[in-house]
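Visitor: I would like to learn how to read a structure like this one. Could you show it to me and take me through it step by step?

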Number of protein chains: 2
Amino acid sequence: MSKGTETRNRIIEKSAPLFNRKGFDGCSVKDIVDAAGLEKGSLYGHFPNKESLAVAAFDFAWKETCESRTAGMNQIDGAIEKLKLHVHNSVVRPVFPGGCPLINTVIDSDDGNPALKNEAREALKTWRRFLQGIVEQGQERNQIRSEVEAADVVAVMIALLEGAMVLDRFDPKAGFLDKAEQHIVTYLNSLAVAAI
Amino acid sequence: MSKGTETRNRIIEKSAPLFNRKGFDGCSVKDIVDAAGLEKGSLYGHFPNKESLAVAAFDFAWKETCESRTAGMNQIDGAIEKLKLHVHNSVVRPVFPGGCPLINTVIDSDDGNPALKNEAREALKTWRRFLQGIVEQGQERNQIRSEVEAADVVAVMIALLEGAMVLDRFDPKAGFLDKAEQHIVTYLNSLAVAAI
């Protein structure tokens, strides 16, 4: 790896948790250069502006999050069990510092920062398609009832997980995440062809 | 109303949508004085600092949101129907500009701004207690099954609603809010003593 690529990667890795915790506006260029141990001028040698760095930082944070949430899913055959592991991974595995990068970016980039918004929108689409594919495969393999709307299941799973993740960090005693997982497990069981 | 109170209220009303859309860091004092048609000095005559104004603005935005979400609930007897109306209000009524002030503040005040964080935490607690009271009353009146855990129902409702609200604003075509409402309605029906 060239020294330039190495520095570029270090800037991304060090700034990703900052953007995720503080948001785009809340994270200053000074915060970033301090964290990466750089001079301000050197930062702009790697990224034309703060927005393009924020996009790269989001990609990095989201990739880490997805790897963590999909861990072990390939080793499981049944669609319902696969989805349950995905939910469990999302609930128990250490999330990226600052919480889920997707929901943070969704809210943070509500106004302005269109490049970051697009990136998060693509991430959400890809996540939905991935889970929807598992539900549909479960239907083809006669594990999930054919009348179930895959898009509905996925929308409920994602909205409940993301909502619970945010609220759980804010008020850990209320047990939002545990209750969300419990609820999704019961819900997924109710979709099975054979009662679980 | 004294002129001072009038000006104070105008500052709160004008800054609340700004804070809700842009977040605490993203909303500058200049944005606020511009929106309220004030001189910068006059702002500090009403609020000692930006943080105390942000708390007052949150209280205002949350009060408006709650009034909208609870509209008509008093006219309904059954606990399950009452909860369904609450969900429906949350889904169809115009939300405060920028989306739900609670979830926005939860994410925005993740770091720093402890006064605002406390205010949002209290708001979440009060909302949970309010809905929990309706579930428990439904159990006392033999409308909701006694073995149902009121806290679980409320956590799932709130997390799913808030998650769907955020995602729906971000990706309106995916139908997160409609699917969330549909899911909660089915779920609430399943809690009834007599099948609905």
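Guide: Let us go from the single chain to the pair, and then to one helix. Please keep in mind that this is a predicted model.

Visitor: Which helices and strands does chain A have?

Guide: Chain A holds nine helices and zero strands. Its pattern along the sequence reads α-α-α-α-α-α-α-α-α. The C-alpha trace of chain A spans about 60 × 40 × 30 Å along its principal axes. Of the 196 residues in chain A, 45% are buried. If you take the contacts in chain A between residues at least 6 apart in sequence, 64% of them join residues at least 24 apart.

Visitor: How are chain A and chain B related?

Guide: The general idea is that two copies of a chain are related by a rotation about an axis and a shift along it. Here, a turn of 180 degrees and a shift of 0.0 Å along the axis lay chain A on chain B with an RMSD of 0.0 Å. The two copies are therefore related as by a two-fold rotation axis.

Visitor: How many residues of each chain are in contact with the other chain?

Guide: The contact involves 34 residues of chain A and 34 residues of chain B. On chain A, at least two residues each come from helix 1 (3-26), helix 6 (101-108), helix 7 (114-140), helix 8 (150-170) and helix 9 (176-190). Helix 8 of chain A gives the most, with 12 residues. By class, the side of chain A that touches chain B has 16 nonpolar, seven polar and 11 charged residues.

Visitor: Why can we say that the copies meet through the same surface?

Guide: Because 100% of the interface residues of chain A are also interface residues in chain B.

Visitor: What should I look for in the nonpolar core?

Guide: In soluble globular proteins, nonpolar side chains tend to be buried together. In this model the largest nonpolar core has 117 residues, and those with the most contacts inside it are Met157, Ala159 and Leu160 of chain A and Met157, Ala159 and Leu160 of chain B. Take B:Ala159: among the residues it touches are A:Leu160, A:Gly163, A:Ala164, A:Leu167, A:Phe176 and A:Ala180.

Visitor: How do I read the packing of two helices, such as helix 4 and helix 6 of chain B?

Guide: Two packed helices are described by the angle between their axes and the distance between the axes. Helix 4 (residues 50-70) and helix 6 (residues 101-108) of chain B pack at an angle of about 145 degrees, and their axes are 9 Å apart. Helix 4 of chain B brings B:Phe58, B:Ala61, B:Trp62 and B:Thr65 to this contact, while helix 6 of chain B brings B:Pro101, B:Leu102 and B:Thr105. Five of these residues are nonpolar, two are polar and none is charged.

Visitor: Is helix 6 of chain B mostly covered or mostly open?

Guide: Mostly covered: eight of its eight residues are buried. The cover for helix 6 of chain B includes helix 6 and helix 8 of chain A, along with helix 1 (3-26), helix 4, helix 7 and helix 8 (150-170) of chain B.

Visitor: Why does B:Leu102 count as buried?

Guide: A residue is buried if 20 or more other C-beta atoms lie within 10 Å of its own. B:Leu102 has 25 other C-beta atoms within 10 Å, so B:Leu102 is buried. This residue of helix 6 of chain B touches residues including B:Trp62, B:Ala120, B:Ala123 and B:Leu124. B:Leu102 and B:Thr65 are 37 residues apart along the chain, and their C-alpha atoms are separated by 9.2 Å.

Technical notes: Residues are numbered from 1 along each chain as its sequence is written. Chains are lettered from A and ligands numbered from 1 in the order in which they are written. This is a predicted model: local features need pLDDT of at least 70, side-chain atom pairs count only at pLDDT 80 or more; totals for chains, interfaces and linings use all residues. Two residues are in contact if their C-beta atoms, placed from the backbone, lie within 7 Å. Helices (H or I, at least four residues) and strands (E, at least two) are DSSP runs, numbered from the N terminus. Ala, Val, Leu, Ile, Met, Phe, Trp, Tyr, Cys and Pro count as nonpolar, Asp, Glu, Lys and Arg as charged, and the others, Gly among them, as polar. A nonpolar core is a set of buried Ala, Val, Leu, Ile, Met, Phe, Trp, Tyr and Cys residues joined through C-beta atoms within 7 Å. A residue is buried if 20 or more other C-beta atoms lie within 10 Å of its own, exposed if 12 or fewer, and partly exposed in between; C-beta atoms are placed from the backbone. Copies are superposed by least squares on the C-alpha atoms of residues with pLDDT of at least 70 in both. Axes are lines fitted to C-alpha atoms, for helices over the stretch in contact, and angles run from 0 to 180 degrees between N-to-C directions. Lists of a residue's contacts leave out its neighbours within four places in sequence.
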